[in-house]
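Reader: I would like to walk through this model at the bench. Can we take it piece by piece?

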Amino acid sequence: MSITHRTALTGCLVGLVVVAVAPFVLDTYLTNILIRTLFLAAVVMTVDILWGYVGILTFGQSAFFGIGAYACGLVFTHYGFGPGWALAALALALGAAAIVAAGTGWLAFFHGASPLYASIITLALPIVLTQLIFSGGNWTGSSSGLSGFPTYYWDLEVWFWLAGVFLVLTTTGGWLLVRSDFGRVLVAIRENEERCAYLGIPVSRIKIMLMILSAMIASVAGFGYAAFSNVVAPELAGFQLGTELLIWTALGGRATLLGPVIAAIGIDTMSSWLSGAMPFLWKLLTGIAFVVVIVLLPRGFAPLVGALWRKLRPRHAVAAPVVKLTLAPVKLMMQSNESASPPLRIEHLSRRYGSLHVLRDVNLVGNATELLGIIGPNGAGKTTLMRCISDGNERTDGKIHVNGVEIGRGSPQHVVGLGVGRSFQNTNLFDTLTVGECLKLARYRLDGARLFDRGDTVALPQPAMDILQATGLDQKLGEETRNLSHGMKRGLELAMVLAAEPSVLLLDEPTAGLTRPERMVIGKVLTRLTREFGLCIVIIEHDLDFVREISNRVVVLHQGAILMEGTVDEVVASDLVKAVYAGHTEKKAA
Amino acid sequence: MGVLTLDILTTAAILFAVAAGLMIILGVMKLINFAHGAFLTTGGYVAYLTGAAGISPWLSIPLAGVLGMAAGLVIERVIVRPLYARPLDAILATWGLGIVIGQVITLTFGRGVQFAPSPLSGTTALFGVDYSAYRLAVALIAVLIAGALSALLSFTRFGLNARAVIMNETLARGLGIDSAKVRAITFGMGAGLACAAGALITPLLSVDPNMGLPWLVNSFMLVMISGVSFPSLLIASIVLGGAQVLVSTYVSPILGGMTIVALAALVLRFNPRGFSRA
Amino acid sequence: MMKMRNLVLSASLSLAFGATAHAADPIKIGVPVGLSGANSVVAPSVVQAAELAVEEINAKGGVLGRKLALEIADDGSGAQGAQRAYDSLVFQKKVDAIVAMETSAARNAGLPIINRGKVPMIYTSFYEGRSCSPWMFVNAWVPEQQVAPVVDQFMGKEGAKKFFLIGSDYAFGRGMLEFTRKYIQSKGGTVVGEEYLPMDGSDWTAVISKLRSANPDALITSTAGGAPNVTLTKQLRAAGIKIPYGNLALDEGTAKTMGGDAEGIYISASYLSSLDNPANKKFLEAAKAKFGSKLETPNELSVPQYEGIHAYAAAVQKAGSTDAAKVVKELAKVSVQGPRGTITMNKQHHAPLTMYLGRVKRDGSVEVINTFPNVDPGAQCPRLPG
């Protein structure tokens, strides 16, 4: 069993033991309060996953909590009570939460949505839900809520065990999830969502799935809460509970999972325990602590606790398991060689911003085994051209076919799925991920990611292996990306793009900032890619010598239109091109 | 019909007055000030205090404005400035600030609901309808505020600097504009406006430590939709405020309460720029 | 052998201590009340009434040799807050009884807890009726006692046929207006509109617009006591609404805070501060003596609290202990002589009351128009004895 699994199992068992013993040690009132807090802590855990790990600032988990609570209250009040009814109500709670979460996700997580907008939607959710509850009149009990409905009047101990076991199990599951390969994907999305999209990772779908899963957990917690406390009120679904969850998460430590859970239990219990004016003073103190934490300690208190722990019990750092590289068969890449249509065909492509034409009527074909260079002065539209190829929403007019398939209005993920790989002008990676993790990420579209543990191998196609070997990255698989040199980052980025086995490779100034030897290495690799693996590579470059060495064909772009096409020598010798680069028209040679 | 029109116009005006402070902060500082509701509440308590002290209720509005501006300048320095690079965190920090302000108010004034006297009582006849005089006054004041702010932006040096910072802060700094000062003053103005708006609307309703919350959410949605422009905020207020009144009147006042939020969310889904032409 | 002796010694010592400790222990009465939220306007008067009652009883030596002590908790005027308050009172403070003036939302949330904890409770707020528990008694009015005077006045003296109803959207608002609607229709009138806002809602603009377009002869409202009353009345007057206005949930204290806006409102109450009987006079003097200038006007919502605590004390005295089951038996029988007259909660845990129809004057005081002695509460809890 892997270390992760062993730790999880130990933690889970410890938790269960604590839960089993606690009711006999604590007094009745504390047990009472804790039952509710434990249900809430499970919801807080989902908030940490969504916010801490994926970066979605969500105010709306309380809405799903409320849905579960009201499912319980409504069914037991108006329809019936008994084991069958309870199961039906639970199913309703889960179903309703999933549907609402899917709808919210659709609304909030489309490609290009800003994080602020997603937060706004999660903000609107509890408000709309509360108003809907208010409008339900006698059926939902409106402002009063529903109370006194039949429920299971088990002993406090039983309820404590139910809530505690629920919390321990869901937290263990959550912990395994965030520690797994999939958990790394989540962190990658949080750090650089754009890049993930261009690696073919279905970001929107992942976010929506997580939202649905979190909603269902929160809903079950709400169901339990309602069944225990025998009261449901609109506050359970409201905006203020939603922000309380965020506060507990922030104070406990974002992206630590256990921190928020402990903070939730601690803070909520304290505020119930204090009587008289103290609850308000307590709220003032937590409010101040919250502001201080956000401003000064964005990671919350957990890292402080962690640092203290490490000081008290120092142990040499256990090296994170480093992945091993294996070779993957290059089926996909070779596919394009066999198909009849060219890997890339652009027809009448244009891109307008209002009256400004950035690209006009560009027609271009990219063939297999070909290295096509795109050159032109700044502002000619080269990067825009690349953007239009890799993102179906960018262009204003025209058609683009990749391997015979039209990209339509497809998102970057979709276009990557058709076989396009793209690197960016500015290296744009994932700071806290290691090289090995980045490579695993790049293989997500093809190999998926394990949900509850970490794989120890990553399969890469030969071209990617070559780059890693050529740049020496294969010796640095455990190194965090932010510690790499610029040249190595470039190499890593290229390797990642190649790992996804594209048939069309779009490179935007890949040699910028590289030393001469590094440039030669890249050049060799690119040449080999076209000759041996049949890729079509489209490369934007300013270094004409580099372009001459490696490319077969060059296209000159000027003010959004293709000025001329030909071999490097033809283009370089052309007077027209010289004039354009110099910025003025020369008299034609007599 | 006359009553409905007046309802819509006065509701829109109130929404505009309340949202204006949030908008100028968003525009210049690209920051959502979630303490906005708390500033509103503070303004409401200023109105309550001036009423209790026997001062003319009209004075409570400028008084609240000045107090808000002073508080805003301090808060910007201490809390907001460190968070310019982290907009989502700024939302949370200002929300936390709102909680702190709310608790301080609770500890000072108690948790109960208070009332402020209305500067104008009774009705006036307008468009053949007897309508609440103070509501009409509030609407008028809101229009004046809009006018004053637009004038400030368009005709003063400060306004010019602010507009430059809104459009391109880096470039503005490069031209020698002290963007830190612009930001500080803007936050102060936003807070002052929010307090003044709170004092303005309290006589219509009531004030308690949590009164600002529903206004915060509605203003927030309005500002998201309208972007950074007074004309489009006015339009958004009329369209969404009108929708709210219509739903409240013809369907149910309870559902009316969520109209702005629901509509705004939908509009933004399909047109992330909302009504603005920016 | 040594161990056994020590055990017996320590056991008897703790018994002795326990016994003496028990005798000095105060009897704890929990008072959950809306210190925040809709009821916060009236809560101070309720707390004062409770404190006055406790002081009077303790001055006479307490009950069964023990003093009374109050535990006040904020129920937030709503369900969630009430849950926390009741949990705290019943499980943490372990009160012997609860005497509560609360919104129906709070009461409904607290009932399961007192049922579970088996704590006697006296509910001292008027409400919509039909809330039943073997542990709870009510000494305030229900619709069967309160609605008729107002409607009869409007239909008879004012000739009103079309009524508009406005309420807060929760158990009380809906329950009261449902009863009112049925009563109006049974007397041949019509209801041309019925509108609700959530309990904490303060913007009645749309509702008032609907009122204007429906053009009724009279208005009857039943909002949560306190803040909603004030905002609604303020906005009604600001909109120039002058039709006969009956408010089923207005107490004198709140009316006074409304100033001139409250003039002309009809209320139907079991207590008015102008009541001319010796018990009321004594009560008002004692209140003034205790609180001086800080006195909150005793009103329909605070006086039953005063009487409720006296009722509990009397029941404990009769039962000879604070044992819940015994006390509950006595609560159904004891009579209290208070500012509202003699009150016995013997009709299915509810009490017959003398009701007064009044009209609010410009200075906030209430002019009595008609008196209805000993109005029966009707069949509120058929399963309970009485």
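Author: What follows is a set of short questions and answers on a predicted model.

Reader: Start with the sheet in chain C. In what order do its strands run?
Author: The sheet is open and has 5 strands. Their pairing is parallel. Strand 2 (68-74) and strand 5 (136-138) of chain C are the edges, each pairing on one side only. From one strand to the next the twist averages 25°. The order is 2-1-3-4-5.

Reader: Which residue is the bridge partner of C:Pro32?
Author: Strand 1 (residues 27-33) of chain C pairs with strand 2 of chain C over 7 bridges, in the parallel sense. The partner of C:Pro32 sits in strand 2 of chain C. That residue is C:Ala73.

Reader: What angle does helix 2 of chain C make with strand 2 of chain C?
Author: Helix 2 (residues 43-59) of chain C packs on the sheet. There it touches strand 1, strand 2 and strand 3 (97-100) of chain C. Its direction makes an angle with that of strand 2 of chain C of about 170°.

Reader: And at what angle does helix 3 of chain C run to strand 2 of chain C?
Author: Helix 3 (residues 79-92) of chain C lies across strand 1, strand 2 and strand 3 of chain C. Relative to strand 2 of chain C, helix 3 runs at about 150°.

Reader: Now the interfaces. Which element of chain C gives the largest share of the side that touches chain B?
Author: The contact takes 25 residues from chain C and 21 residues from chain B. Strand 7 (190-197), helix 7 (205-214) and helix 8 (227-238) of chain C each supply at least two residues of the chain C side. By class, that side has 11 nonpolar, 9 polar and 5 charged residues. The largest share, 6 residues, comes from helix 7 of chain C.

Reader: How many nonpolar residues are on the side of chain B that touches chain A?
Author: Here 30 residues of chain B are in contact with 28 residues of chain A. Helix 4 (87-109) of chain B gives the largest share of the chain B side, 14 residues. That side has 5 polar residues, 2 charged residues and, as nonpolar residues, 23.

Reader: Which residues touch the most other members of the largest nonpolar core?
Author: In soluble globular proteins, nonpolar side chains tend to be buried together. The core here has 416 residues. Helix 1 (residues 2-29) of chain B gives the largest share, 20 residues. The residues that touch the most other members are A:Ala495, A:Ile537 and B:Leu222.

Reader: What covers the buried residues of helix 5 of chain B?
Author: Helix 5 (residues 133-155) of chain B reaches 32 Å from its first C-alpha to its last, close to the 33 Å expected. Its buried residues include B:Tyr134, B:Arg135 and B:Val138. The cover includes helix 1, strand 2 (129-132) and helix 8 (179-201) of chain B, together with helix 8 of chain C.

Reader: Last one. Why is B:Asp178 called partly exposed rather than buried?
Author: B:Asp178 lies in the loop between helix 7 (169-174) and helix 8 of chain B. Its C-alpha atom is separated by 8.5 Å from that of B:Asn161, 17 residues apart along the chain. A buried residue needs 20 or more other C-beta atoms within 10 Å, and an exposed one has 12 or fewer. B:Asp178 is partly exposed because its count within 10 Å is 13 other C-beta atoms.

Note on methods: Residues are numbered from 1 along each chain as its sequence is written. Chains are lettered from A and ligands numbered from 1 in the order in which they are written. This is a predicted model: local features need pLDDT of at least 70, side-chain atom pairs count only at pLDDT 80 or more; totals for chains, interfaces and linings use all residues. Two residues are in contact if their C-beta atoms, placed from the backbone, lie within 7 Å. Helices (H or I, at least four residues) and strands (E, at least two) are DSSP runs, numbered from the N terminus. Ala, Val, Leu, Ile, Met, Phe, Trp, Tyr, Cys and Pro count as nonpolar, Asp, Glu, Lys and Arg as charged, and the others, Gly among them, as polar. A nonpolar core is a set of buried Ala, Val, Leu, Ile, Met, Phe, Trp, Tyr and Cys residues joined through C-beta atoms within 7 Å. The expected span of a helix is 1.5 Å times one less than its number of residues. Two strands pair if DSSP finds at least two bridges between them. Axes are lines fitted to C-alpha atoms, for helices over the stretch in contact, and angles run from 0 to 180 degrees between N-to-C directions.
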